[in-house]
Amino acid sequence: QHYQSLGGHIAQVEVQPIIDSTNSELMRRIAAKQTLESGTVIVAEMQHAGRGRRGRVWQSPFGANLYYSYYWRLDDGLQAAMGMSIAVGLAVYDTLKVLYQLDIELKWPNDIYLNKEKLAGVLVELDGQPQGPCHLVIGIGINLQMPASYSLQIDQAWTDLSQHSQQIDKNQLVAHLTYHLEQRLAQYSQTGLHGMYLQWNELNAFAGQCVELNTGHRSWRGICEGIDPQGAIRIRQDGEVKSYYGGEISLRKA
Ligand code: ATP
Ligand code: BTN
């Protein structure tokens, strides 16, 4: 299959039939110090070790869905990558809105829902030092046509694009996703989340709702007030709003 980007910048798209995980493949190439150009994309037809956050499994059956990873090099250190999954979530929003007129909702920090059912997920991984260049792998999984039997494996409500849209052309989806991702990454490098966080807040699946914040060790309850310009989640507790940030934090409806 042939995939191409719509943007001025031509992304290199590599298609693999079966792979452990498109994110793991790019992370291996980074670790092996292989030359990688920003804009390199790997798409697979199936992943046998698809990953979500914190070692969770991302179900990735053959031919059914989109498994996509994008490589991007940042010159200004790890700090600059904070909040990246916010920008990526908006790129997925842009893509699904333009192509299928769908209005997704976003769950901090990395989940994509349609009518309260999980449609897609984002997994951003980094390799780098606090200062100096940083390698970023942006993984995006979008369900296109998941067999119903996967409800046995997925412990939350989920959906796929085939339930919401007539025609899904994977080639066109990859082209648009890459285009919108590059637009959002360019915006992110110029102004961080300043021009994006208010839009993200409009799509916040938990806006104004009572939520539970979990680190595995501790949990808090409060009202979800959206994100701040750094991408931290703001929770109101006893009249006071605090911002939380961190890869270990999970949000649930309380
Ligand atoms: P959080 O990131 O806030 O902890 P989460 O529970 O959704 O939320 P993630 O690591 O983001 O956790 O995603 C992995 C979870 O997504 C799995 O535990 C499973 O519940 C669900 N899941 C796995 N594969 C799929 C899929 N193909 N489609 C939809 N949901 C899936
Ligand atoms: C999540 O919701 O936790 C994120 C899921 C991310 C899945 C994508 S599929 C392509 C890339 N390869 C992986 O192993 N994970 C991401």
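Trainee: Which residues come nearest to ligand 2?

Mentor: Ser21, Gln47, Arg51, Gly52 and Lys118 come nearest, out of 21 residues around ligand 2. Keep in mind that this is a predicted model.

Trainee: What makes the approach of serine 21 to ligand 2 a polar contact?

Mentor: Set the distance against the cut-off. An N or O atom in the side chain of serine 21 is 2.8 Å from an oxygen atom of ligand 2. The limit for such a pair is 3.5 Å, so the pair counts. Arginine 51 uses its backbone: a polar atom there is 2.8 Å from an oxygen atom of ligand 2.

Trainee: How do you know that threonine 22 passes as well?

Mentor: A polar atom of the threonine 22 side chain lies 3.3 Å from a nitrogen atom of ligand 2. That is within 3.5 Å, so this is a polar contact too.

Trainee: Now the largest pocket. What is its volume, and which residues are closest to its centre?

Mentor: The volume is about 910 Å³. Trp58, Asp111, Tyr113, Lys118 and Gln156 are closest to the centre, among 45 lining residues. By class, the lining has 17 nonpolar, 17 polar and 11 charged residues.

Trainee: Which element gives the most to that lining?

Mentor: β6, with five residues. Other elements that supply at least two residues include α1 (22-31), β3 (66-74) and β7 (134-142).

Trainee: How many cavities of 30 Å³ or more does the structure hold?

Mentor: One. The largest cavity has a volume of about 40 Å³. Its lining includes Ser85, Leu106, Ile112 and Trp200. Two or more lining residues come from each of α2 (84-100), β4 (105-107) and β5 (111-114). The lining divides into five nonpolar, three polar and two charged residues.

Trainee: Why is that space called a cavity, while the other is called a pocket?

Mentor: A probe fits in a cavity but cannot get out, whereas a pocket is open.

Trainee: How many disulfides are there?

Mentor: Zero. Cysteine 210 is in none, and the nearest cysteine sulfur, that of cysteine 224, is 10 Å away. Cysteine 224 is likewise in no disulfide. The cut-off is 2.5 Å, so a gap of 10 Å rules the pair out.

Trainee: Are these two cysteines buried, partly exposed or exposed?

Mentor: Cysteine 224 has 2% relative accessibility. Buried means under 20%, so cysteine 224 is buried. Cysteine 210 has a relative accessible area of 34%. That falls between 20% and 50%, so cysteine 210 is partly exposed.

Trainee: What makes glutamine 101 and lysine 116 stand out in their phi?

Mentor: The sign. Most residues other than glycine have a negative phi. Glutamine 101 is not a glycine, yet its phi is positive, about 55 degrees. Lysine 116 is not a glycine either, and its phi is about 70 degrees. Glutamine 101 lies in the loop between α2 and β4. Lysine 116 is in the loop between β5 and β6 (117-128).

Trainee: Why is each called exposed?

Mentor: Exposed means over 50%. Glutamine 101 has 57% relative accessibility, so it passes. Lysine 116 has 54%, so it passes as well.

Trainee: Which two residues does a cis peptide bond join?

Mentor: Tryptophan 108 and proline 109, with omega about -5 degrees. Most peptide bonds are trans. Proline 109 lies in the loop between β4 and β5. Proline 109 also lines the largest cavity.

Notes
Residues are numbered from 1 along each chain as its sequence is written. Chains are lettered from A and ligands numbered from 1 in the order in which they are written. This is a predicted model: local features need pLDDT of at least 70, side-chain atom pairs count only at pLDDT 80 or more; totals for chains, interfaces and linings use all residues. Side-chain values use heavy atoms; hydrogens and water are left out. Buried means under 20% relative accessible area, exposed over 50%, partly exposed in between (1.4 Å probe, protein chains only). On a 1 Å grid over the protein atoms alone, a cavity is a set of points where a 1.4 Å probe fits but cannot get out, and a pocket is an open set with protein on both sides within 12 Å along at least five of seven lines; lining residues have an atom within 4 Å of a point. Grid points are joined across faces, edges and corners, and a volume is the space filled by probe spheres set on the points. Helices (H or I, at least four residues) and strands (E, at least two) are DSSP runs, numbered from the N terminus. Ala, Val, Leu, Ile, Met, Phe, Trp, Tyr, Cys and Pro count as nonpolar, Asp, Glu, Lys and Arg as charged, and the others, Gly among them, as polar. A residue is near a molecule or strand if one of its heavy atoms lies within 4 Å of it. A polar contact is a pair of N or O atoms within 3.5 Å; within protein, one must be able to donate a hydrogen and the other to accept it, and residues adjacent in sequence count only if both atoms are side-chain atoms.
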